[in-house]
Amino acid sequence: SDKIPLKRGLPIPQGISEKAFLSAIDELRTAIGAENVELNDKEVNNGWYMEHPNTHDMMPLFDVEEFIASAVVYPGSVQEVQIIVRWANKHLIPIFPISIGRNLGYGGSAPRVRGSVTIDLGRRMNKILDINAEDYTCLVEPGVTFYALYEELQKRGLGDKMWIDTPDLGGGSVLGNTLDRGVGYTPYGDHWAVHSGLEVVLPKGEVVRTGMGGLEGSNTWQCFPYGFGPYSDGIFSQSNYGIVTKMGMALMPNPGGFESFMYTFQNESDLAPLMEIIRPLRIANILENVAQLRHGLQTLSIQGFPRAKYFKGKGQMPESIYREELKKTKTGDHAWVYYGMSYGPANIRKFKLDIVDAEFHKIPGCRKIDSKTLPAGEYFWSRDRIASGTPDLEELRWVNWMPNGGHIAFSPVSPIRGIDAERLFALAKQRHAEAGIDLMPAFCVGLREMHIIVEIVFDAQDADMKQKAEKCLRDMIDDAARLGYGEYRTHLALMDQVAGTYNWNDGALMKFNNTLKDALDPRGILAPGRCGIWPARYRQRGWEL
Ligand code: ADP
């Protein structure tokens, strides 16, 4: 772990003197306990995934002191969250809630506004409040990770009865990931779609429960997400309208069997015809999970070796080199690999897998990799665990591609069509070639759309490479918007730009978002700038990036 002394000293938020800030911090110490308030005035420590920092982005695209907290506070209850919010209103100090803060590739734990006070909810509010084995639901606090929920099911002897759904990395918060609309890889992979019920501390300090939670004594909070009246949950995801302190979530019944499969395809040009095959199978639920179609170069990078092992030159690794290297791997040379899973008892799986096999083999050169030939350490088994609801960390391996590896993604959504896949792939390919960056796209196929995740791995110590990565990302976002595509989620640094692409009817959507922001958070204290939403006192005053 590398400690970096702060060059600019204590990052005091703009608009407040050091004296006033420190006295406000003292007031907060008295209110919630000095041990629950930490000033960030000495150094930052990048740590690593398991011991991640809560003060800044451990994979910074800009200078590490740009998106950085002045202090971190650890509330232990909903009441303490209310105290912190009211304190922030009183002193006009920006606050930024995180649950765990492992949001890798999207800004980690960093606040958007330098000097914000980070509210680390996860450290002390980390209880699994309920697991209901009859309804197959749970109710969790912000600090519950996918690992913790998984382990609790095993501990209670319910692991055989019900599954969780986990994203690629299991160390994140169930609640945080869901609020950011992250995905996993079982049939319950759309986390937002399977959540039910939120408890939220609003920016002025009131607490609300959404859906059936609005009815005192309801036993249906985790079963029926809507309740009566406007469905308000949506405004609390990818926003800065509230601090979520509880969330309900559906758990998946054990389907009675599962079987991972893996197909490879030889040519980049197989992409479009393959998408045409995938779409109807996915919509009909023959392909049942959020599967991944990945680029061959990712198969190489996931081996976990630095790129320099294969290629020492500058710029993109030539295709001829990585395809030669792929030939030496257990899964062989390919342009694309499809990871999927079939669920249910053997006879039901066979019915579906036979259809998939016949359809995929319409692509010349398609190969099914026999999983029995793959050793235990092979990445395939990581996908197997994840698609069957077992948290994992193997996905971190490709960050080793670069020294001081950081990553950041371009992640547009589109229908599951060949033409869309081709267009997005082509623009990413062009912009990566211009920037000299290795291209590693993955297509995560939902029920009617796909998330295209193009991860850029950069050397966090290499300013030139980071500049190229930023330009590449910004170009791709603009190119995609011109073609009618938008991102499903983005890094802190790119939120204004992405929000700006959702500009139909003279930016009517952002005007609506701003109206909500000003009504709910008139003092503009909660996560200013998150998702491109700025409170009135920041708006168009030079904060937008
Ligand atoms: P992870 O689950 O990957 O560790 P985080 O806890 O960092 O993710 O959450 C991702 C993002 O979602 C945060 O940057 C924050 O903006 C938002 N967020 C997380 N938890 C909450 C919460 N309880 N209330 C409001 N926003 C939250």
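**A chat about the ligand site and helix α5**

Biologist: Which residues are closest to the ligand?
Modeller: Keep in mind that this is a predicted model. In it, 20 residues surround the ligand. The closest of them are Ser99, Ile100, Arg102, Ser173 and Val244.

Biologist: How many Å separate an oxygen atom of the ligand from a polar side-chain atom of Arg530?
Modeller: Let's start with the serines. The side chain of Ser99 has an N or O atom 2.7 Å from a nitrogen atom of the ligand, while a polar backbone atom of Ser173 is 2.7 Å from a ligand oxygen. For the side chain of Arg530, the distance to a ligand oxygen atom is 2.9 Å.

Biologist: What percentage of the ligand's accessible area does the protein cover?
Modeller: On its own, the ligand has 550 Å² of accessible area. The share covered by the protein is 95%.

Biologist: Which element gives the largest share of the shell around the ligand?
Modeller: Three elements give two or more residues to this shell: β5 (95-98), α4 (174-179) and β12 (243-250). By class, the shell holds 9 nonpolar, 9 polar and 2 charged residues. The largest share, 4 residues, comes from α4.

Biologist: How many Å apart are the end C-alpha atoms of helix α5?
Modeller: Helix α5 covers residues 271-283, which makes 13 residues. At 1.5 Å a residue, helix α5 should span 18 Å. The model agrees with this, because the end C-alpha atoms are apart by 18 Å.

Biologist: Which residue with a positive phi follows α5?
Modeller: Within α5, the buried residues include Leu271, Ile278 and Arg282. After α5 comes a residue with phi near 65 degrees, and that residue is Asn285.

Definitions and conventions. Residues numbered from 1 in each chain as written. Predicted model: local features only at pLDDT ≥ 70, side-chain atom pairs only at ≥ 80, totals over all residues. Heavy atoms only, no water. Near = heavy atom within 4 Å. Polar contact = N/O pair within 3.5 Å; in protein donor to acceptor, adjacent residues only side chain to side chain. Areas by Shrake-Rupley, 256 points an atom, 1.4 Å probe, with all protein chains shown as cover. Nonpolar A, V, L, I, M, F, W, Y, C, P; charged D, E, K, R; others polar. Expected span 1.5 Å × (residues − 1). Buried < 20%, exposed > 50% of the residue type's maximum accessible area, 1.4 Å probe, protein only.
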